[in-house]
Amino acid sequence: METHFPKATIEDGNLDTAQLITKYGYPVEKHFVTTEDNYILGLHRIPRPGAPPIFMMHGLLDSSGTWVIMGPNKAPAYYFYDNGYDVWLGNARGNRYSRNHTTMNPDTDPEFWTFSWHEIGFYDLPKMIDYVLQQTGYNKTGYFGHSQGTTSFWVMCSMHPRYNEKITMMHALAPVAFMKHVKAPLLPYAKNFVRMSEKTIREFMPRTDLLWRTCLASPITEGSCLEIYYQTVGKDTETTNTTMLPVLFGHFPAGCNLKQINHYMQLNENDRFCQYDYGAKENMKRYGKSTPPDYPLEKVTAPVGLYYTWNDNLSSEVDVKRLAKILPNVVEDCLYPNKKWNHMTMLWGTNAREMAHKRMLELMKKYSYE
């Protein structure tokens, strides 16, 4: 590919998570777990045997790669590994590393794509966390979630409260529960798309070379993809390293189910944090009432750190402040002062290590694994 980008970033966009970790001289392991409802999930581990584990869970349309793509000097997974932790990276059902099932084929069985982030929190997270604890011999793990990785955590710990005891501290990056004040400019278009497509499209934006090559084909397409990215997550030209775009577009999007997006849009419209709304008749069958039940957030008793920003198009500070008042054990409430930081800055920003990750490490060290 002819491009003005550095050769290394083009290469990194072509590598998968395990290959990327290996390239930069870190050990890596691939693990697989099968959920109670038979989805097969892929995990990546940067192993430090005997060290305390931390588990990192990505957001919507993302993957385990999100924690490593910025390289050893910037990415959070390497930072915590270098500071003595055994790092595990999860992958939600339906993304490029968890597109598998014991009986169903995602390419030919529509039933494969009938989940939302409810099932990710209800089935996927408990299974992956239990596996990490089983493999490491620890009773607890630290937890880092970004965006949907926080939503699914609220589901897990409210529906399975015993998992609160398995978490030393939960770090919620760009947390999402309530969504009434989300200000994404593309939201109205997305709602129309989902309404028109939900019966015909299941898998949404899987990882493809075609999309990657299209975004990098010319300065015009590159600018268009970057603008769509900014419209989605918030415009932060100060800390976005645009030379890394081939890596970002090579790993993101990584695929999801359209129903996950629709569930979020329901929250935006109903101003609740509740289970999926199937309509009154189906709700009666599933829930015994005409409306979906709220998740009992008061049951999320694990220590929680909330990290959020002013310029986030997908997680409003107003909604996070509402969440903070309900969660019973918020130990860190951090609204970053930089008004330009967006939905991805604390993960991918050029100054995220100094301004975000160091404080998270300080907090991690305060919590016991006993």
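Is Arg322 buried, partly exposed or exposed? In this predicted model, Arg322 comes out as partly exposed, because its relative accessibility is 32%. That puts it between the 20% and 50% cut-offs. Arg322 is a handy way into the salt bridges, which are taken up below after the sheet and the helices around it.

Start with the sheet. It is an open one built from 8 strands, running S1-S2-S4-S3-S5-S6-S9-S10, and its pairing is mixed. Strands S1 (29-34) and S10 (330-335) sit at the edges with a single partner strand each, so each has one side without a neighbour in the sheet. On average, and with direction ignored, neighbouring strands are turned by 20 degrees against each other. Strands of a sheet pair through backbone hydrogen bonds, in either a parallel or an antiparallel sense. For S3 (residues 53-57) and S5 (residues 141-146) the sense is parallel, with 4 bridges between the two strands. Met57 is placed opposite Gly145 of S5.

Two backbone details involve loops that follow strands of this sheet. Asn38, in the loop between S1 and S2, has a positive phi near 75 degrees despite not being a glycine. With a relative accessibility of 32%, Asn38 counts as partly exposed. Ala174, in the loop between S6 and helix H6 (187-197), also takes a positive phi, here about 50 degrees, and is not a glycine either. Ala174 is buried, because its relative accessibility is 0%. Elsewhere, the peptide bond between Phe252 and Pro253 is cis, with omega at about 5 degrees; Pro253 belongs to the loop between helix H9 (245-251) and strand S8 (256-257).

Strand S6 (residues 167-173) also holds His171. The relative accessibility of His171 is 0%, so this residue counts as buried. Setting aside neighbours within four places in sequence, the contacts of His171 are Tyr143, Phe144, Gly145, Gly305, Tyr307, Met360, Leu363 and Met364. Gly145, one of these contacts, is the residue that Met57 stands opposite.

Next come the helices. H4 lies across S1, S2 (40-46), S3, S4 (86-89), S5 and S6, and runs at about 155 degrees to S3. H4 (residues 117-136) also packs against H5 (residues 148-159), at an angle of about 80 degrees and with the axes 8 Å apart. The two helices are therefore roughly perpendicular to each other. On the H4 side, the contact is made by Trp117, His118, Ile120, Gly121, Phe122, Leu125, Pro126 and Ile129, while H5 brings in Gln148, Thr151, Ser152, Phe153, Val155, Met156 and Met159. Sorted by type, the residues of this contact are 10 nonpolar, 5 polar and no charged.

Now for the charged pairs. Side chains of opposite charge can pair when their charged atoms come close. Across the whole structure, 16 salt bridges turn up. One of them joins Arg322 to Asp271, at 2.7 Å from N to O. This pair links distant parts of the chain, 51 residues apart: Arg322 is in helix H12 (residues 317-326), and Asp271 is in the loop between helix H10 (258-270) and H11. Asp271 is partly exposed, since its relative accessible area is 27%.

The loop between H10 and H11 also carries Arg272, whose partner Asp294 lies in the loop between H11 and strand S9 (304-308), so this pair ties together parts that are 22 residues apart in sequence. The closest N and O atoms of Asp294 and Arg272 are 2.9 Å apart. Asp294 has a relative accessible area of 46% and is therefore partly exposed; Arg272, at 22%, is partly exposed as well.

Within H11, Arg286 forms a salt bridge with Glu282, the closest N and O atoms being 2.9 Å apart. Because Arg286 and Glu282 are 4 residues apart in helix H11, about one helical turn separates them. Both ends are partly exposed, with Arg286 at 48% relative accessibility and Glu282 at a relative accessible area of 25%. Besides these pairs, Glu11, Asp12 and Lys23 are joined into one network by salt bridges that share partners.

Helix H11 (residues 280-287) also includes Met284, which is partly exposed at 45% relative accessibility. Not counting residues up to four places away in sequence, Met284 touches Lys289 and Ser290. Its C-alpha atom is 46 Å from that of Pro47, a residue 237 positions away along the chain.

Conventions
Residues are numbered from 1 along each chain as its sequence is written. This is a predicted model: local features need pLDDT of at least 70, side-chain atom pairs count only at pLDDT 80 or more; totals for chains, interfaces and linings use all residues. Side-chain values use heavy atoms; hydrogens and water are left out. Axes are lines fitted to C-alpha atoms, for helices over the stretch in contact, and angles run from 0 to 180 degrees between N-to-C directions. Angles under 35 degrees count as roughly parallel, over 145 as roughly antiparallel, 65 to 115 as roughly perpendicular and the rest as oblique. Contact means heavy atoms within 4.5 Å. Ala, Val, Leu, Ile, Met, Phe, Trp, Tyr, Cys and Pro count as nonpolar, Asp, Glu, Lys and Arg as charged, and the others, Gly among them, as polar. Buried means under 20% relative accessible area, exposed over 50%, partly exposed in between (1.4 Å probe, protein chains only). Two strands pair if DSSP finds at least two bridges between them. A salt bridge is a side-chain nitrogen of Lys or Arg within 4 Å of a carboxyl oxygen of Asp or Glu.
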